[in-house]
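Biologist: I've got a model with a ligand in it, and I'd like to learn how to read the binding site. Can you walk me through it?

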Amino acid sequence: MQERLQKFLARSGVASRREAEKMMLAGKVKVNGQIITELGFKIDPKQDKVYIDNQAIRPEKLVYLLFNKPKGVVTTLVDPEGRKTIADYLTGIKERVYPVGRLDYNTEGLLLLTNDGTLAQGLMHPKHHVNKTYLVTVVGIALEEQLDKLRIGVELEDGLTAPAIVQLVEYQHEKNLTVFTITIHEGKNRQVRRMCDCIGHPVRQLTRTKIANLNLSGLGRGKFRILNEQEVKALYKAAKLDG
Ligand code: URA
């Protein structure tokens, strides 16, 4: 996948993107032996050799993980309270990956982790409208009129939620529960739980089942897998990035 030279330099940790641009303009950056001053210049990080002041630059390999987070795990790499963290599950991963957004301690399901800051920011930016789907079990029988409120948008203390796609899965009359799926593209804190509180049906169980093109298919709880190139490309597209 091709990448802008200044982005590659920023990713390698030698400078911020702006500083990298300054270095390029100052003629300090070479690609395959040629000085490059054009800011739009793209390289293939797998093949091209990049040097600053004749020193070779090798950025950390980019990794993209899809993790099926269990309940009772914090979405951080360390926890001062000593609770289980996502780091406890990432055995064999040498790169420093970070979660893309977060899931509550008691929410389970799909979590992306990466050391690609550009993609992470693109996926989290509200203006890019990246869809996230949740399977929700709420207390009580939530009638279609109440689900309609979620579809239209509800008023939370930090603003009105955007229209959501909501599909009833089933009523469990004997347990007094309703199961439905909800697809949202915002990332407000505890958004689904607060939306359900707003219609008077608190969440009993919450699982994220999908982000953009990815789902949990074949991935057991507590397991992760590495995304392939096509999946990463599709995520770049979903995050409105050119790759
Ligand atoms: N919405 C929530 O309420 N919690 C999550 O963990 C994710 C979305």
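**Reading the ligand site**

Modeller: Sure. Start with polar contacts, meaning pairs of N or O atoms within 3.5 Å. Here a polar backbone atom of arginine 193 is 2.9 Å from an oxygen atom of the ligand. Keep in mind that this is a predicted model.

Biologist: Which side chains have a polar atom close to an atom of the ligand, and at what distance?

Modeller: Aspartate 104 has a side-chain N or O atom 2.7 Å from a nitrogen atom of the ligand. Threonine 107 places a polar side-chain atom 2.9 Å from a ligand oxygen.

Biologist: How much of the ligand does the protein bury?

Modeller: Compare the ligand alone with the ligand in place. On its own it exposes 240 Å², and the protein buries 95% of that. The space it takes is the second largest pocket.

Biologist: Which residues are around the ligand?

Modeller: You list those with a heavy atom within 4 Å of it. In this model they are Leu103, Asp104, Thr107, Tyr134, Arg190, Gln191, Val192, Arg193 and Leu206. Sorted by class, four are nonpolar, two polar and three charged.

Biologist: Where in the fold do they come from?

Modeller: Helix H5 (residues 191-198) gives the largest share of the shell, three residues. By domain, at least three residues come from each of domain 2 (64-126 + 213-238) and domain 3 (131-211).

How values were computed:
Residues are numbered from 1 along each chain as its sequence is written. This is a predicted model: local features need pLDDT of at least 70, side-chain atom pairs count only at pLDDT 80 or more; totals for chains, interfaces and linings use all residues. Side-chain values use heavy atoms; hydrogens and water are left out. A polar contact is a pair of N or O atoms within 3.5 Å; within protein, one must be able to donate a hydrogen and the other to accept it, and residues adjacent in sequence count only if both atoms are side-chain atoms. Accessible areas come from the Shrake-Rupley method with a 1.4 Å probe; for residues, only the protein chains shown count as cover. On a 1 Å grid over the protein atoms alone, a cavity is a set of points where a 1.4 Å probe fits but cannot get out, and a pocket is an open set with protein on both sides within 12 Å along at least five of seven lines; lining residues have an atom within 4 Å of a point. A molecule sits in a cavity or pocket if more than half of its atoms lie within 2 Å of its grid points. Helices (H or I, at least four residues) and strands (E, at least two) are DSSP runs, numbered from the N terminus. Ala, Val, Leu, Ile, Met, Phe, Trp, Tyr, Cys and Pro count as nonpolar, Asp, Glu, Lys and Arg as charged, and the others, Gly among them, as polar. Domain bounds come from an automatic or database domain assignment.
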